[in-house]
Each structure stands twice: as C-alpha cells, then as structure tokens.
Amino acid sequence: MRLTSLGQVPAGLRPGYDPAAHGVGILHLGLGAFHKAHQAALTDLALAASGGDWRILGVSLRSPRASGELHPQNGLYTLIEKGAEGTTARVVGAVADAVCSAGDPEPVLAAMASEATRIVSLTVTEKAYGLDRAAQGCDPSHPAVAADLATPRAPQGVLGLLTEALRRRHEAGFAPFTVLCCDNLPENGVLLRGAVVDFARRLDPALSAWIAGEVAFPSTMVDRITPAATGATRAEAATLLGCDDLAAVETERFFQWVVEDSFPLGRPDWEAAGVIFTDDVSAFEAMKLRMLNGTHSMLAYAGFHAGDAYVRDVMADAPLATLVRRHLAAAAATLPPIEGIDTGAYAEALLRRFENPAIAHETFQIAMDGSEKMPQRIFAAIPDARRADLPVRAFAFAAAAWLRHVSGRTHDCAPYDLRDPIADRLHAIAAGQDAADIVAGLRGTEILPPAVARDDAFWSEVTGILAPMLSQPMTDVIVREAARASGA
Ligand code: CS2
C-alpha cells in the first residue's frame with residue numbers, strides 16, 4: 001500500500017499541524033531531493049510553529065519523475081535525518097501537490113500568476129538558469145533561453161516561466177511574487193535578477209523596467225548535504241511507516257539557510273525553524289561555496305579517481321583527508337571576516353559532516369557539472385589569494401583533478417559518463433596531447449574569470465600537477481601531494 005494520507009502515518013511521525021488547514025503560498029521550481037530536505041522541511045517546521053497559507057506547489061521542470069512520486073501521495077513524504085548520533089524521521093506536510101511543467105506549462109503559469117502565490121522559489125541547479133555571469137544577464141545562446149525567447153507565451157525554461165508569469169501578474173494588476181533562488185551561486189538573487197531583467201528586456205522593455213523596479217530577488221545561502229534517494233531510502237521509509245513511500249528522502253541532521261529578508265508579500269515564519277535572516281548573505285555564501293562546495297569538488301574529482309565512491313570513504317583515506325584539510329584552510333584564508341563566524345570551527349564542523357558514516361554521498365554525483373561549479377567554488381578564490389599573497393597550490397590541485405576527470409576515463413581506461421552541459425567541449429579539451437595542451441585548451445574558454453585565465457604561474461602549477469595524474473594512478477599522486485602538504 002502507498003502513502004496517501006496522514007491517517008496511515010504513525011502518530012510520532014506526523015507533522016505538528018493539520019496541513020489541510022493551510023493554503024498554498026509558495027510555488028517551487030525544481031522538485032528534487034534537496035528541496036524536499038531543505039526548504040520544504042523548514043517550511044513544514046514554520047507551519048507547525050506559526051501557521052499561515054504557506055504550503056508549496058512543487059514543480060518538476062523537465063522529468064515528471066519527482067512529481068509522479070509526490071502527486072499520488074498528496075505531497076506527503078518521509079524525511080529521514082541521519083547523523084553519527086542516530087536517525088530521526090518525520091513525514092512532511094508542507095508540499096500540497098506536485099506537477100510537471102514539461103510539455104504543457106499552462107497549469108504552472110496559471111498557478112504562478114495567481115494572486116495567492118506570493119513566493120516562487122527555485123532549486124534547478126546552476127546550469128538551468130541560462131546565466132551570462134560576466135554580463136550579469138542571460139545567455140541568449142543557452143538552449144532553454146533561446147527556445148523561450150522564440151515562444152515566450154509557452155515557456156519551458158526558468159527565465160521564460162518567471163517572465164511570462166510576472167507579465168501576467170502585471171497585466172492583471174497583481175503585485176509580483178518574490179523570487180527566491182536557492183541554488184549554490186554567489187549572490188544568487190542578484191544573478192537571477194540580472195538574468196530575468198535582461199531576458200524580459202529582449203521581449204518587452206516596459207515589462208523589464210517593471211520587474212527591475214518592483215520584484216524582490218533576495219539572495220540566499222542554502223546548505224544541507226543530501227544524497228540522491230535510493231532503494232535503501234525507500235526501504236527504510238517503508239519500515240518506519242508501514243506503507244510504501246516512493247518520495248522518501250534522506251539527509252544529514254545539519255542544515256543552514258541564510259536569507260536576505262526582502263519579501264514584500266510576506267513569508268513563512270522561517271525563523272521559528274532556525275533560518276537566519278541578514279542584510280548581507282554574500283559573505284556567508286562565499287564561505288560556503290569556497291569551503292564546503294570547493295572542497296567537495298576537489299575531493300569528488302580526486303576521490304572518484306582514487307576509487308572512493310563516497311565522501312565518507314574519502315575521509316577514511318588518510319592522504320586524501322590531508323588534502324581535504326589543506327583545501328579547507330586555503331579556502332578559509334581567502335575569505336573576508338564574518339562577524340560571529342570562526343572559519344576554523346566551521347572547517348572542523350565540515351570535516352565531521354563529510355565523515356558522517358550514515359550518509360552515502362557519491363563522489364560521482366558531486367563531480368557532475370564541473371564547468372558550472374568550478375568558477376565560484378575554486379577559481380573565484382584565486383584573485384583573493386593572489387591579492388593577499390597566499391599560496392594557490394590547493395586550488396591548482398583541485399583544477400588539475402577536474403581536468404583529469406574531464407577525460408571521461410579512469411586510470412584503467414574504464415569509461416564513465418562525463419555529466420556536464422559542455423561535455424563535448426570538455427572532451428575535446430581533454431583530448432589534448434599532454435597536460436600543457438589540455439591546460440591551454442581550458443584557458444581559451446570563457447569558464448575562467450579573465451584574471452585567472454591570465455595567471456601564468458597558476459596554470460604552470462596546474463600543468464605540473466596534471467601531468468602525473470594523466471599517466472599514474474591517482475592514489476600515487478595523492479600520496480605525494482599529501483606528503484608535500486604535510487611538509488614531508
Ligand atoms: C555538492 C552540493 O553536489 C554538489 O556539488 O557540493 O550539492 C552540496 O552537497 C550542498 O551544497 C550542501 O549544502
């Protein structure tokens with residue numbers, strides 16, 4: 001039997017409120033495990049604490065899989081939280097329903113345009129936005145952006161959906177919803193605002209001016225390590241519930257959400273759930289991107305090629321764990337001070353989170369989409385390191401490990417899928433004759449910030465690290481690098 005109503009749920013796992021008594025106020029684009037483990041779970045706590053019409057309509061943009069799991073369950077799913085201290089679980093009632101916009105965007109546009117929708121939040125991954133980061137606008141050559149510019153009244157992509165829904169609200173005389181970007185991008189609200197305003201300008205300058213003047217795009221820092229759900233997740237939920245839950249998710253116990261408090265049409269009482277509101281999210285975001293995500297990317301590339309399937313395996317691999325610590329320290333040194341935050345303590349907490357024995361977070365999963373992740377996680381730190389005359393070796397190692405990964409083959413020549421929106425271009429770069437050629441290929445792309453692309457000394461260090469990675473087992477390279485990091 002499948003989970004469809006709270007009546008099936010053991011009393012101790014039910015939400016502390018009656019979900020049916022609360023209307024929908026949030027529409028969320030990108031209904032993945034992360035949304036269910038983070039924003040939806042925290043909205044659930046806010047509803048339990050203070051109520052309000054803040055339930056969520058979840059939207060899958062491309063694949064109907066996530067909505068197909070949740071819709072038959074009336075939005076209900078089990079949240080399993082795991083730490084070294086043990087496991088806790090509860091059923092989340094914050095998601096009212098789930099739909100897929102692919103093929104027919106009309107029901108989703110109608111919901112976005114409805115006056116009841118006061119927040120549109122997003123977790124769609126970096127690549128789905130179609131950003132031109134350098135120009136702080138949209139990239140009209142991005143496939144979804146190009147398609148939506150051609151058929152703006154029936155959009156499929158993020159910028160098209162937001163713009164068309166805002167146009168309808170403007171026409172109807174409704175106030176705009178707040179756009180809440182929850183992806184791992186620096187100043188994500190500012191970036192998304194620039195992209196939407198630019199996208200709209202290409203269609204209708206007056207609409208673009210209205211969006212620029214009236215729509216709030218608060219920036220956020222989101223954090224919760226959430227591996228993709230597996231059969232084991234669903235089996236655990238079935239044991240807890242006594243019925244099947246195809247939408248169950250598992251995550252760590254830790255979470256953090258730092259949000260700029262700019263919600264003209266109101267918001268749930270997220271403070272009650274432990275959300276931090278501040279005027280300036282950017283320092284938190286840089287800390288999280290460079291320390292957590294930057295280290296994640298480094299350990300994912302090096303670890304995957306060293307045979308470590310999960311992050312916890314990396315942490316049990318002593319030489320690689322040494323490089324994890326080096327990276328955390330190097331990244332921390334590039335950050336401006338944040339009042340009330342000790343980056344040393346933050347690094348220690350990250351080490352414990354990475355070690356979490358109960359979380360099976362695949363290095364292969366983190367290795368995806370490197371071209372979209374490396375700029376803010378690794379490359380952005382380099383100019384700051386240079387300005388402060390700090391060593392850049394840790395960043396050079398991370399860049400080399402990524403370039404090793406884009407080859408698409410392990411040391412034993414086993415192929416794997418290079419999941420990246422520009423996989424073909426990266427494959428062509430990786431086909432270079434030697435490390436110097438591969439590095440030259442990357443330096444010719446727009447992936448790198450110009451100041452970093454010009455940094456000859458940095459790239460000669462990357463070349464020196466990459467050369468042995470191309471011919472020797474990654475484990476040997478890691479052992480030598482760890483000895484060097486420890487001053488041996
Ligand atoms: C990870 C993130 O997959 C990745 O690239 O670095 O998803 C990471 O687990 C989250 O940002 C943690 O909050």
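L61 makes contact with L29, S101, A102, V124, Q156, V158 and L161, leaving aside residues up to four places away in sequence. That is a good place to start a walk through this predicted model. L61 sits in the loop between β2 (55–60) and α3 (65–70). With a relative accessible area of 13%, L61 is buried, as the cut-off is 20%. The C-alpha atoms of L61 and G157 are 7.6 Å apart in space, although 96 residues separate the two in sequence.

**The chain as a whole**

Let's step back for a moment. The chain contains 22 helices and 13 strands. Its radius of gyration is 23 Å, close to the 23 Å that the globule rule gives for 488 residues, so the chain is as compact as a globular protein of that length. The C-alpha trace spans about 65 × 55 × 45 Å along its principal axes.

Of the 488 residues, 55% count as buried. Contacts between residues at least 6 apart in sequence reach far along the chain: 76% of them join residues at least 24 apart. The chain exposes about 18300 Å², and carbon and sulfur atoms supply 54% of that area. As for charge, there are 42 positive and 58 negative side chains, and the centres of the two sets lie 2 Å apart.

**Two annotated spans**

An unreviewed UniProt entry marks residues 25–271 as "domain: Mannitol dehydrogenase N-terminal". In the model this span is 36% helix and 23% strand, and its end C-alpha atoms lie 17 Å apart. The annotation "domain: Mannitol dehydrogenase C-terminal", also from an unreviewed UniProt entry, covers residues 280–463. Here the chain is 66% helix and 0% strand, with 37 Å between the end C-alpha atoms.

T463 is the last residue of the span 280–463, and T463 belongs to helix α21 (residues 456–471). T463 is buried at a relative accessible area of 19%, which falls under the 20% cut-off. Apart from residues up to four places away in sequence, T463 touches A435, A436 and V439. One of these partners, A436, is 27 residues from T463 in sequence, with a C-alpha to C-alpha separation of 5.6 Å.

**Helix α15 and its surroundings**

How many of the ten residues of helix α15 (residues 370–379) are buried? Ten of the ten are, so the helix is largely enclosed by the rest of the structure. Charged side chains are included in this buried set, among them E372, K373 and R377.

G370 is in helix α15 and counts as buried at 1% relative accessibility. Leaving out residues up to four places away in sequence, G370 touches Y301, P375, W402 and D420. T220 is a more remote reference point: T220 and G370 are 150 residues apart in sequence and 21 Å apart in space, C-alpha to C-alpha.

After α15 comes helix α16 (residues 381–387), where D384 lies. D384 is partly exposed, with a relative accessible area of 22%. D384 touches R290 and T334, not counting residues up to four places away in sequence. Between the C-alpha atoms of D384 and P336 there is a separation of 9.5 Å, with their positions 48 residues apart along the chain.

**Two residues with positive phi**

Backbone torsions are worth a look too. Most residues other than glycine have a negative phi. Which values of phi do E187 and D369 have? E187 has a positive phi of about 45 degrees although it is not a glycine, and D369 has a positive phi near 60 degrees, again in a residue other than glycine. E187 is in the loop between β9 (178–181) and α7 (188–201), while D369 is in the loop between α14 (363–366) and α15. Are these residues buried or partly exposed? E187 counts as partly exposed at 43% relative accessibility, whereas D369 is buried at 4%.

**Accessibility side by side**

The residues discussed above are collected here.

| Residue | Relative accessible area | Class |
|---|---|---|
| L61 | 13% | buried |
| E187 | 43% | partly exposed |
| D369 | 4% | buried |
| G370 | 1% | buried |
| D384 | 22% | partly exposed |
| T463 | 19% | buried |

Conventions. Residues are numbered from 1 along each chain as its sequence is written. This is a predicted model: local features need pLDDT of at least 70, side-chain atom pairs count only at pLDDT 80 or more; totals for chains, interfaces and linings use all residues. Side-chain values use heavy atoms; hydrogens and water are left out. Helices (H or I, at least four residues) and strands (E, at least two) are DSSP runs, numbered from the N terminus. The radius of gyration is taken over C-alpha atoms; the globule rule is 2.2 Å times the number of residues to the power 0.38. Buried means under 20% relative accessible area, exposed over 50%, partly exposed in between (1.4 Å probe, protein chains only). Contact means heavy atoms within 4.5 Å. Accessible areas come from the Shrake-Rupley method with a 1.4 Å probe; for residues, only the protein chains shown count as cover. The place of a charge is taken as NZ of Lys, CZ of Arg, CG of Asp or CD of Glu. UniProt positions are given in the numbering used here, feature names are shortened, and annotations may be inferred rather than shown by experiment.
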